[in-house]
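Let's take a friendly walk through this model, with the viewer open beside the text. We will look at rings and charges, then at helices and cores.

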Amino acid sequence: KLSDPSQSVLEQLGFTKAQIDEANEYVVGTMTIEGAPHLKEEHYPIFDCANTCGVKGKRYIAYGAHVKMMAAVQPFISGAISKTINMPNSATIEEVKSVYWDAWKFMIKAIALYRDGSKLSQPLNSVTQDDELLAIGADDDDVAEPPPQMMNDIAAIRAVRERLPLKRVGWTQEAVVGGHKVFVRTGEYNDGRLGEIFIDMYKDGAAYRSLINCFAVSISKGLQYGVPLEEYVDSFTFTRFEPAGPVQGHPNIKMATSILDFIFRLLGYEYLNREDLVQVKPEHNGQATLALSDVTPTGPKIEPYAETATPVRVAAARSVTLTGEPIAAASEAMTAKAQGFTGDTCTNCGSMKMKRNGSCMVCIECGTTTGCS
């Protein structure tokens, strides 16, 4: 029993809890100045601390005093003050709001607020009692059962991982993005939902390859813990970094601004039917959507279809002349957009290689901007 660190020798010798507390106060002290002999009570405020001291301590500096002290010093400091405003565990939401409101009224540049007991572990804990420490080591049978409503609340806020079956299906997509080969492998649940992804770029460096692999693991974990795929698609499409450029190997995605942009365009198209993320629209009931660049500039004119006829999803079905400048300009605009440009025409040189620069656009051919420097 002596080797057990949780064993109380004094209890084994027959001492009561009151006697043990009295002995502890005699040997260790009360950890507070309150009740000390030869000290007047009107002198207590001199020794007040940010939190109550010891088990028997009751006094502490009011949180409003913290704000007033910072307000007194702030006019003489150019930056903010590194000072934490300590609040007791019993502080309410309204009291917290009042602290921020007072800090704003006193024109304090920044505040840091901490409510006692807000963290699972903290360097100074002023609310733990001996009985609570003993309860931690008590038998499971002695611990009170939490109310059902509390258990429901805990289950509601705690994410539960839905693991994939040990044997699952998926597909592998091989593609080349900006000259870099990438393999994307997916794993699906039995109902066809996406549950994991693997990304392999074996020709790139070990560090880059490791970062990509860890990124794929984090995405897979998020999917299994319930993060919607739509959130990932909206977050990572249109991200811009190298490698980027033309895409080879996919019938619908032809340009990507980064590896992640390609991956989440692919996942959004395959699992969410996001046709707005692909450059080449898929066929529906045999009616393909063609770009203007796919139409041969020579040939007969195409008459507009009658209102009673079934509309055909062909861009060239509009009333335009195939042998004139409008088709050539439209084809050039489509080509520019496919290369990642906006497709707008430069007012100086006539080029359509315009890129967005903040709220304006800049021509990469001549450097002309639409208003921004």
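## Charges over rings

In this predicted model, R193 sits over the face of Y189, 4.4 Å from the ring centre. A second arginine, R265, lies over the face of F238 at 4.7 Å from the ring centre. R265 and F238 are 27 residues apart in sequence, while their C-alpha atoms are 8.9 Å apart in space.

Is R265 buried or exposed? With a relative accessible area of 7%, R265 is buried. R265 belongs to helix α9. Leaving aside neighbours within four places in sequence, the contacts of R265 are T237, F238, I253, M255, L277 and Q279.

## Aromatic pairs

How many aromatic pairs does the structure hold? There are 8 aromatic pairs in the structure. One of them joins W101 and W104: the ring centres are 5.0 Å apart and the planes meet at 35°, so this pair is tilted. Both tryptophans lie in helix α4, residues 93–105, and they are 3 residues apart, about one turn of the helix. W104 has 60% relative accessibility and therefore counts as exposed.

Turn next to Y232 and F236, whose ring centres are 6.3 Å apart. The planes of Y232 and F236 are at 20°, so the pair is stacked. Both residues lie in helix α8, 4 residues apart, again about one turn of the helix. Y232 is buried, with a relative accessible area of 13%, whereas F236 is partly exposed, with a relative accessible area of 21%; the cut-off for buried is under 20%. Y232 and F236 also belong to one aromatic cluster together with F215 and F264.

## Helix α7

What span should the 19 residues of α7 have? At 1.5 Å a residue, α7 should span 27 Å, and its end C-alpha atoms are indeed 27 Å apart, which agrees. After α7 comes G226, which has a positive phi, near 100°.

Which residues of α7 are buried? They are I212, F215, A216, I219, S220, G222, L223 and Q224. These buried residues of α7 pack against β5, α8 and α9. F215 is thus worth selecting in the viewer, as a buried residue of α7 and a member of the aromatic cluster with Y232, F236 and F264.

## Nonpolar cores

In soluble globular proteins, nonpolar side chains tend to be buried together. Here, the largest nonpolar core has 30 residues, and the members that touch the most other members are V182, I199, F262, I263, F264 and L267. At least two residues of this core come from each of β3 (172–177), β4 (180–188), β5 (194–200), α7 (206–224), α8 (229–236) and α9 (259–272). Which element gives the most to this core? That is α9, with 9 residues.

L267 shows how this core is joined up: not counting residues up to four places away in sequence, L267 touches W171, T186, L194, I197, L229 and L272. Elsewhere there is a second, separate core of 11 residues, including Y63, M70, I81 and I108.

Conventions:
Residues are numbered from 1 along each chain as its sequence is written. This is a predicted model: local features need pLDDT of at least 70, side-chain atom pairs count only at pLDDT 80 or more; totals for chains, interfaces and linings use all residues. Side-chain values use heavy atoms; hydrogens and water are left out. A nonpolar core is a set of buried Ala, Val, Leu, Ile, Met, Phe, Trp, Tyr and Cys residues joined through side-chain atoms within 4.5 Å. Buried means under 20% relative accessible area, exposed over 50%, partly exposed in between (1.4 Å probe, protein chains only). Contact means heavy atoms within 4.5 Å. The expected span of a helix is 1.5 Å times one less than its number of residues. Rings of Phe, Tyr and Trp (its six-membered ring) pair if their centres lie within 6.5 Å; planes under 30 degrees apart count as stacked, over 60 as edge-to-face and the rest as tilted. A charge sits over a ring if NZ of Lys or CZ of Arg is within 6 Å of the ring centre and within 35 degrees of the ring normal.
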